[in-house]
Amino acid sequence: MKNQKTPALSVSAGLLLSASPSFAQETTASAIDSGDTAWITVATALVLFMTIPGLSLFYAGLVRRRNVLSVLMHCFAITCVMSILWLAGAYSLSFAEGNAYFGGMGKAFLSGVDLNAPYAEGQTIPELTFFAFQMTFFIITPALMVGAFVERMKFSAMLIFTSLWALLVYVPVCHMVWGGGSMLGLEGIKDHAGGIVVHVTAGAGALVAAIMVGRRTGYPQTTMAPHDLPLTVAGTGMLWVGWFGFNAGSGLAANGDSSMTLIVTHTSAATAALTWMVIEWMRHKRPSVLGIATGAVAGLAAITPASGDVGPIGALAIGACSGILCWFFSTRIKQRFGYDDSLDVFGVHGVGGGVGTILVAVFASSSFGGQEAEGYSIGKQLGTQAAACAITGVYTAIVSYVILKIIGATIGIRVSEREENEGLDLADHGEVGYSN
C-alpha cells in the first residue's frame with residue numbers, strides 16, 4: 001500500500017523525533033496537567049491570603065489599640081523578607097538535592113529551573129508553581145510567631161530573629177521532612193501540610209521567644225483585652241478559607257484526595273470551634289466570640305499534618321481533642337507557669353500541631369476510615385510521629401534561644417518601657433491606627 005512505512009523506518013523516525021529539541025519539549029510539557037496546575041496556583045493565592053490579610057487581621061484585633069499597626073506591619077514585612085530569602089536560596093536549601101539536613105544551592109535564584117518541567121518525576125505541576133506554593137508556607141510560619149511577642153519586641157529585632165530562624169529552623173526541618181533529607185534516620189514521617197514543619201516549629205519558637213522577651217508590662221495584673229474582636233473574627237474567617245489551599249493544595253493535584261482533605265479540614269475546624277465554645281459556656285455561663293474563633297484555628301492547626309491521611313471520623317476526633325487540649329494549654333498551663341504567650345501561639349499552633357502529628361498515626365488506619373490499608377502498624381507510626389515531634393521541638397527551642405541570645409547581646413530584643421507604654425505604632429513607625 002502507498003505510503004506505508006516499514007518497521008525499521010518507523011523506529012528510525014521515532015528515534016530522530018525523540019532526539020529533536022522540539023519533541024523533547026513537547027514530551028516534558030505533556031507531563032504538566034493544566035487542571036492540577038490551575039488548582040495549585042489558586043491554592044498558592046489562598047495560602048498567601050492566610051498571612052496577608054488573614055493572620056494579620058486575626059492578630060491585629062487581639063492586641064491593644066496602640067499596637068494595631070505594629071502587628072500589621074510585622075506580618076507585612078515578614079511576607080516581603082521571606083519572599084526574597086526564598087528566592088535567594090531558602091528554596092534551594094529546602095528542596096534541592098543535598099545532604100540529610102540541607103539541600104544544595106544549585107537552585108538559588110531559580111538557577112537551572114526549567115519553565116515547563118515538573119518539579120519532580122511523576123508530578124504534574126511545573127516547578128515554578130511548586131516554588132511559589134512552598135514560598136507561602138515559608139512566609140506564614142515565622143509570621144505565626146509574631147503573636148507570642150506582640151507589643152514589646154523591637155521591629156529590627158523581629159526582622160533579624162524571623163529571618164535567621166527561617167533559615168536555621170524552617171529550612172532544615174522542611175528539607176528533612178519534605179525535601180528528601182532525613183530526620184535522624186526516621187522513616188515514613190506523616191506530615192501532609194505542615195504540622196511538624198509549620199506548627200510545631202512555630203509553636204516551639206514562639207514559646208522560647210515569649211519567655212526570653214519577657215512579659216508585657218503589667219501582665220497579668222493589668223487587663224489586656226482585645227481592642228477589636230470583629231477584626232479577629234474576620235481574620236479567622238480568612239484563615240479558615242485560606243486553609244483549604246494550605247491543606248487541600250498540599251496533595252499537589254486536583255482530585256478526590258484533595259476533596260477529602262478539604263472536607264476533613266473543614267470538619268476539624270468546626271468541631272474544635274464548638275468544643276472550645278462549649279467548654280467556655282460551661283465554665284463561664286456564656287459562649288464567647290473569642291473562644292469559638294480561637295477554637296477554629298486550633299482545629300485547623302491540628303488537622304494540618306493529618307489531613308491527607310484521615311477520614312471524617314479522624315477529623316472529628318482530632319478536632320475535639322485539639323479543642324480540649326489547646327484550651328487547656330492556652331489557659332491553665334499558661335497561667336500555671338506565668339509565661340506571656342500573648343496571643344497563644346504555642347497553646348494553639350504548637351499544641352494543635354502536636355496533637356494532629358501524633359493522632360494521624362491512629363486515624364490514618366483504615367479501621368477509622370483512614371487511607372492506610374490493613375497491615376498498617378499504628379504503634380510503629382506512633383513512635384515515628386512522637387519522635388519527629390520531639391526532635392523538631394527540641395531543635396527549634398535550642399536554635400531559637402541561641403538566635404535571641406545573640407540579638408539580645410547586640411541590638412537588644414525589647415523596646416523601652418516608655419515605648420511600650422506609648423505603643424509600638426508610634427514608637428516604631430510614627431503612625432497611629434485610628435485618628436480618634
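## A nonpolar patch on the surface

A surface patch, as the word is used here, is made of residues with over 30% relative accessible area and no salt bridge, and nonpolar side chains are joined into one when they lie within 5 Å. In this predicted model, Ile 160, Leu 164, Leu 168, Tyr 395 and Ile 411 make up such a nonpolar patch, and together they offer about 370 Å² of accessible area. Which helix gives the most to the patch? That is helix H6, spanning residues 155-177, with three residues.

Ile 411 is another member of the patch. You will find Ile 411 in the loop that runs between helix H13 (378-410) and helix H14 (417-422). With a relative accessible area of 37%, Ile 411 is partly exposed.

## Cysteines without partners

Let's turn to the cysteines. A disulfide is a covalent bond between the sulfur atoms of two cysteines. How many disulfides does the structure hold? The count is zero.

Why does Cys 75 have no bond to the closest cysteine sulfur? That sulfur belongs to Cys 80 and sits 11 Å from the sulfur of Cys 75, which is too far for a bond; the cut-off for a disulfide is 2.5 Å. Cys 75 is also buried, at 0% relative accessibility.

Cys 321 is in no disulfide either, and its nearest cysteine sulfur, in Cys 326, is 10 Å away. Cys 321 counts as partly exposed, with a relative accessibility of 31%.

## A buried aspartate

Asp 425 is worth a look in your viewer. This residue belongs to helix H15, which covers residues 424-429. Asp 425 is buried, yet has no salt bridge. The nearest side chain of opposite charge is that of Arg 65, 8.4 Å away, whereas a salt bridge calls for a side-chain nitrogen within 4 Å of a carboxyl oxygen.

Which residues does Asp 425 touch, leaving aside those up to four places away in sequence? Its contacts include Arg 65, Arg 66, Asn 67, Val 68, Leu 69 and Ser 70, and also Gly 430, Glu 431, Val 432 and Gly 433.

## A loop threonine

Thr 124 lies in the loop between helix H4 (68-95) and helix H5 (127-145). At 23% relative accessibility, Thr 124 is partly exposed. Not counting residues up to four places away in sequence, Thr 124 touches Ala 31, Ile 32, Asp 33, Asp 36, Thr 37 and Leu 252.

How far apart are Thr 124 and Glu 422 in space? Their C-alpha atoms are 53 Å apart, and the two residues are separated by 298 residues in sequence.

Definitions and conventions. Residues numbered from 1 in each chain as written. Predicted model: local features only at pLDDT ≥ 70, side-chain atom pairs only at ≥ 80, totals over all residues. Heavy atoms only, no water. Patch = residues over 30% accessible without salt bridge, like charges linked within 9 Å, V, L, I, M, F, W, Y side chains within 5 Å. Areas by Shrake-Rupley, 256 points an atom, 1.4 Å probe, with all protein chains shown as cover. Helix = DSSP H or I, 4+ residues; strand = E, 2+ residues; numbered from the N terminus. Buried < 20%, exposed > 50% of the residue type's maximum accessible area, 1.4 Å probe, protein only. Lys, Arg positive; Asp, Glu negative; His and termini not counted. Contact = heavy atoms within 4.5 Å.
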